[in-house]
Amino acid sequence: MKIISSTAELAAACTAFAAHNYVTVDTEFLRETTYWPKLCLIQIAGPEDAVIVDPLAKDIDLAPFFELMSNEDVTKVFHAGRQDVEIIYHLGKLIPHPMFDSQVAAMVCGFGDSISYDQLVFRLTGNRIDKSSRFTDWSRRPLTDKQLNYALADVTHLRDVYHALRANLEEQNRSHWVAEEMEILTSPDTYYTEPHAAWKRMKLRIRKPREFAALQMMAQWREQEAQSRNVPRSRILKDDAIFELAMQQPKDTNALSALRSISKGYERSKAGQEILDIMRQVDAIPKDDLPVLPKGKNQPEGSGAAVDLMKVLLKLTSEKHGVAAKVLATVDDLDKIASDDNADVPALKGWRHELFGQYALKIKTGEIAMRLEGKRVTIIEVDPPVLPENPKPRTRRSKRPARTQ
C-alpha cells in the first residue's frame, strides 16, 4: 500500500495514471463543523495500481491531482461522487470531466434507487467490504491499517464495478443515458450556492411580499456568513430562526431578544446588529419594489387522480425496463406533468421521454389505459382515445305547490 505525502510522489503517480483511459477516485472528508468539506484523504486507482494520497501532509501541493482530474483523455470514475466532486471544485476550481458515476449507472441498469457501494460491489463481484471504518476521524494521524485498507477498497473494487456496469450499459444500449446524467453532475451549479439564491433551498412558509423580501435577505446574509467563516449554515442561524425573523421583522434589540428561536444575548452581538440592519432595509423597501412571491401549486381539478395514475405507470415502466423509478421521474415531475403537458422536467426530455414521459402524457389524454389481467397491471392502447365527458349542468327544479284535494 503506497501512501503519497509529497508533491513529487503525487506528480509521478498522476503521470502514470494519465497513461490509462480511466481512474477510479474516492475521498475521505469531514464536514460536521465546516461549510466546505475538509479533505482528509484521496484514493486513486488505475487498471494496475492504486495509491492513497495524504492531503494533510506538510507542504504537499495537490496541483498534479487536479491536472489529472481535468485530463479529457481519462475518465474519472466515482460512486455517488457528488460530495467528492464538490471538494475538487472548491479546492481545484474545476470539475472532473469526463466522469462516470457508478451509482447513477447502477440505477439505470436496474439495481434500485441509490444503491450503496458495498451492496453494488457484492452484487457484481461477490466481494464483501468491511464498512466499520466509514465514520472514523479521517483527520487524525497516523491512520490505522484498518482505515487504510477500507479507504483503498473504495477504489480497487470500483474498477471491477466500472467494467461490469459499462458492459451492462453497452449490452442494453444505455450508455448515452448515463452520459446525459453526467452533464448534470459536471455542472458548476450543482456544487455552489450563490448567496442571493440561498432562499430557494428553503421550503416557503410565508404569504406576504415583505416577509418574502426579509427571507431572501436573511438567507443571503446567512449564506455569505457561512461561506466566509467556513461553518455550517445552522451555526449561523437555523431555518426556523430565519422564518421567524422574516415574519416578525423585529425593529430593535428588545424585539429581537423576544423571539423564541434567537438565543439569549444574540441581540447584543455583531450578528444581531447586522440582522436589525437588514430588517430596517426590508422596512424601507417601497411597496411597488417588493419581490413577487413564487406561485404555489394550484393544481387543476383532477390532477391528483392523474398523478396517481402516473405513479402506477412509473412503477410498471421501471419494472419493465429495469430502471430505478427515481431516475425516470420524481413526484415533483409527476405533479408538474399533471398540470402542464410542456412542463420543463427531465421526465419529458431525452431517453426519459422515450421510456416514460410520452406515455405519461398519453395516459392524461386517454390514448392509453391500464387494466388488471390476473394479478398483473398491463398497459393497453385505446383507439379512439377515451376522453372524459363534460357532465351536463344540472338544473334546479322549481318547487311546485302541493296539490290539494
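The domain assignment of this predicted model divides the chain into domain 1 (2–190), domain 2 (195–289) and domain 3 (303–381). Between the C-alpha centres of domain 1 and domain 2 there is a separation of 38 Å. The contact between these two domains draws on five residues of domain 1 and eight residues of domain 2.

A UniProt record adds a name to one part of the chain. In that unreviewed entry, residues 208–289 carry the annotation "domain: HRDC". The span is 66% helix and 0% strand, and its end C-alpha atoms are 13 Å apart. Helix H8 (209–229) and helix H9 (233–236) are joined by a loop that holds Asn230. The backbone of Asn230 has a phi near 55°, which is positive although the residue is not glycine. Most residues other than glycine have a negative phi, and most peptide bonds are trans. With a relative accessible area of 29%, Asn230 is partly exposed, because a residue counts as partly exposed when its value falls between the limits of 20% for buried and 50% for exposed.

A second positive phi is found at Asp59, where the angle is about 70° in a residue that is not a glycine. Asp59 belongs to the loop that runs between strand S4 (50–53) and helix H2 (63–69). Its relative accessibility is 67%, so Asp59 counts as exposed, the cut-off for that class being over 50%.

Two peptide bonds also deserve attention. The bond from His97 to Pro98 is cis, with omega near -5°. Pro98 sits in the loop that connects helix H3 (82–92) with strand S6 (99–101). The bond from Arg141 to Pro142 is likewise cis, and here omega is near 5°. Pro142 is placed in the loop between helix H5 (117–125) and helix H6 (145–171).

The discussion now turns to the spaces left among the atoms. Rolling a probe the size of a water molecule over the atoms shows where empty space is left. The largest pocket holds about 710 Å³ of space. Its lining is made up of 26 residues, and those closest to the centre are Glu28, Phe29, Gln83, Arg134 and Tyr150. At least two lining residues come from each of strand S2 (22–30), H3, H5 and H6. The greatest contribution is that of S2, which supplies six residues. Sorted by class, the lining of the largest pocket comprises 11 nonpolar, six polar and nine charged residues.

The second largest pocket contains about 460 Å³ of space. It is lined by 19 residues, of which Arg82, Val104, Met107, Glu181 and Lys326 are the closest to its centre. Helix H4 (102–108), H7 and helix H14 (325–328) are the elements that give two or more residues to this lining. By class, the lining of the second largest pocket has nine nonpolar, four polar and six charged residues.

Where does the second largest pocket lie with respect to the domains? Both domain 1 (2–190) and domain 3 (303–381) contribute residues to its lining, so the pocket lies between them.

One residue close to the centre of this pocket can be followed further. Glu181 is part of helix H7 (residues 175–185). Is Glu181 buried or exposed? Its relative accessible area is 12%, so Glu181 is buried, the limit for that class being under 20%. Apart from neighbours within four places in sequence, Glu181 is in contact with Val104, Trp351 and Arg352. Val104 thus appears twice in this account, as a contact of Glu181 and as one of the residues closest to the centre of the second largest pocket.

Finally, the model contains one cavity of 30 Å³ or more. The largest cavity has a volume of about 30 Å³. Thr27, Leu39, Ile42, Phe65, Phe66, Ile87, Ile88 and Leu91 form its lining. Strand S3 (38–45), H2 and H3 each give two or more residues to this lining, and the largest share, three residues, belongs to H3. In terms of class, the lining of the largest cavity has seven nonpolar residues, one polar residue and no charged residues.

Key. Residues numbered from 1 in each chain as written. Predicted model: local features only at pLDDT ≥ 70, side-chain atom pairs only at ≥ 80, totals over all residues. Heavy atoms only, no water. UniProt positions renumbered as here; feature names shortened; annotations may be inferred. Helix = DSSP H or I, 4+ residues; strand = E, 2+ residues; numbered from the N terminus. Buried < 20%, exposed > 50% of the residue type's maximum accessible area, 1.4 Å probe, protein only. Contact = heavy atoms within 4.5 Å. 1 Å grid on protein atoms, 1.4 Å probe; cavity = no way out; pocket = protein on both sides within 12 Å on 5 of 7 lines; lining within 4 Å. Points joined across faces, edges and corners; volume = space filled by probe spheres on them. Nonpolar A, V, L, I, M, F, W, Y, C, P; charged D, E, K, R; others polar. Domains from an automatic or database assignment.
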